[in-house]
Amino acid sequence: MADQLAIGSRRGLRPALPLLLPAYLWLTVAIFLPLSAMVFFSFMTDLPLAGKEWSFTLGNYAAFLSQSLYSTLLFSSLRLGLEVTLWCVVIGYPAAYVLAKVLKGRSREAIFLLVILPFWSNGLVRIFSWAMVLREGGILDTALNAVLPFRINIDLMYSYPAVIIGLVHSYVPYMVLTCYLTLQAIDDSLIEAGRSLGASRRQVLWRVIIPLSMPGLIAGAALIFVPVVGSFMEPRILGGRTGTFYGTIIEDQFVAVFNWPLGAALSFILLAVVLIILALAAPVLRRAA
């Protein structure tokens with residue numbers, strides 16, 4: 001019986017190979033080959049450029065263990081990823097619920113358009129727009145002083161809250177979209193059944209809606225946490241000196257210092273740490289989903 005199933009699966013796979021081949025070819029060229037090159041660079045003393053001598057070494061990985069700065073920045077980046085993910089859940093989940101279960105027709109389309117609007121602009125444009133809002137004498141400062149009877153000074157530029165604001169603005173649409181898909185798939189009759197059995201709105205939310213929408217919540221959290229940990233544009237522009245995180249150090253190795261081997265090693269250490277965190281959280285997340 002098992003042999004027949006295996007033969008049947010192989011027969012069913014053959015017609016799909018022409019359709020799968022372009023995707024796997026693209027993944028090989030665009031992902032695995034660059035990653036393989038970076039792995040190779042991470043074990044080198046220098047780039048294999050003309051006139052430069054190089055050899056294999058473990059010193060780039062040993063530098064992470066010998067210098068506490070890297071581990072401190074990695075911990076700060078992990079904390080930043082958790083905080084941004086939490087804020088995206090707080091902001092994005094209620095918005096997704098309203099889109100999926102409350103709004104209908106053109107009003108839903110208008111709000112949905114506002115949610116995906118950040119995807120239509122370049123990331124640098126969004127970041128510099130926040131710089132115009134958060135700086136002293138900026139849009140926020142001017143608007144508040146025009147309304148309030150007393151004068152206040154709002155200057156959030158080059159601060160940790162500015163980094164949080166910029167990252168949340170960039171990534172909260174992912175949370176809204178993933179949660180919206182799962183919330184929309186929940187049958188309204190389940191919610192009505194819970195209410196007819198005497199459950200309050202809060203009980204229906206915690207015992208029916210949130211458990212059923214947990215897959216979208218988990219997917220959105222993963223889509224946000226992983227890139228935020230390695231982010232460098234928002235911390236660099238909005239954070240200034242306080243925006244030094246693990247991602248900015250990696251960028252410096254590639255752009256400013258031109259130490260690609262160390263930058264590659266730090267990148268793969270970050271990748272390993274994120275994969276370990278996801279692997280440790282997988283059983284808990286699987287039960288929640």
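Let's start with N60. Leaving out residues up to four places away in sequence, N60 touches F41, S42, F43, M44, P261, L262 and A265. Keep in mind that this is a predicted model.

Where does N60 sit? It is in helix 3, residues 59-66. Is N60 buried or exposed? Its relative accessibility is 10%, and buried means under 20%, so N60 counts as buried.

Now look at the side chain of N60. It reaches the backbone oxygen of S42 at 2.9 Å. A polar atom of that side chain also lies 2.9 Å from the backbone oxygen of M44.

Next, the cores. The largest nonpolar core has 31 residues. Which residues have the most contacts inside it? They are L80, V84, C88 and L183. Four elements give two or more residues each: helix 4 (68-102), helix 8 (160-185), helix 10 (201-212) and helix 11 (214-229). Helix 8 supplies the largest share, 11 residues.

Take C88 from that core. Setting aside neighbours within four places in sequence, C88 is in contact with Y93, V168, Y171, V172, M175 and I224.

There is also a second, separate core, with 16 residues. Among them are F64, Y70, L78 and I249.

Last stop, the surface. A nonpolar patch here covers about 790 Å². Which residues make it? They are L17, L20, Y24, W26, L27, I31, F32 and L35.

Pick out I31. This residue lies in helix 2, residues 17-42. Its relative accessible area is 37%. Partly exposed runs between 20% and 50%, so I31 is partly exposed.

Terms used:
Residues are numbered from 1 along each chain as its sequence is written. This is a predicted model: local features need pLDDT of at least 70, side-chain atom pairs count only at pLDDT 80 or more; totals for chains, interfaces and linings use all residues. Side-chain values use heavy atoms; hydrogens and water are left out. A nonpolar core is a set of buried Ala, Val, Leu, Ile, Met, Phe, Trp, Tyr and Cys residues joined through side-chain atoms within 4.5 Å. Buried means under 20% relative accessible area, exposed over 50%, partly exposed in between (1.4 Å probe, protein chains only). Contact means heavy atoms within 4.5 Å. Patches are made of residues with over 30% relative accessible area and no salt bridge: like charges are joined within 9 Å, nonpolar side chains (Val, Leu, Ile, Met, Phe, Trp, Tyr) within 5 Å. Accessible areas come from the Shrake-Rupley method with a 1.4 Å probe; for residues, only the protein chains shown count as cover. A salt bridge is a side-chain nitrogen of Lys or Arg within 4 Å of a carboxyl oxygen of Asp or Glu. A polar contact is a pair of N or O atoms within 3.5 Å; within protein, one must be able to donate a hydrogen and the other to accept it, and residues adjacent in sequence count only if both atoms are side-chain atoms.
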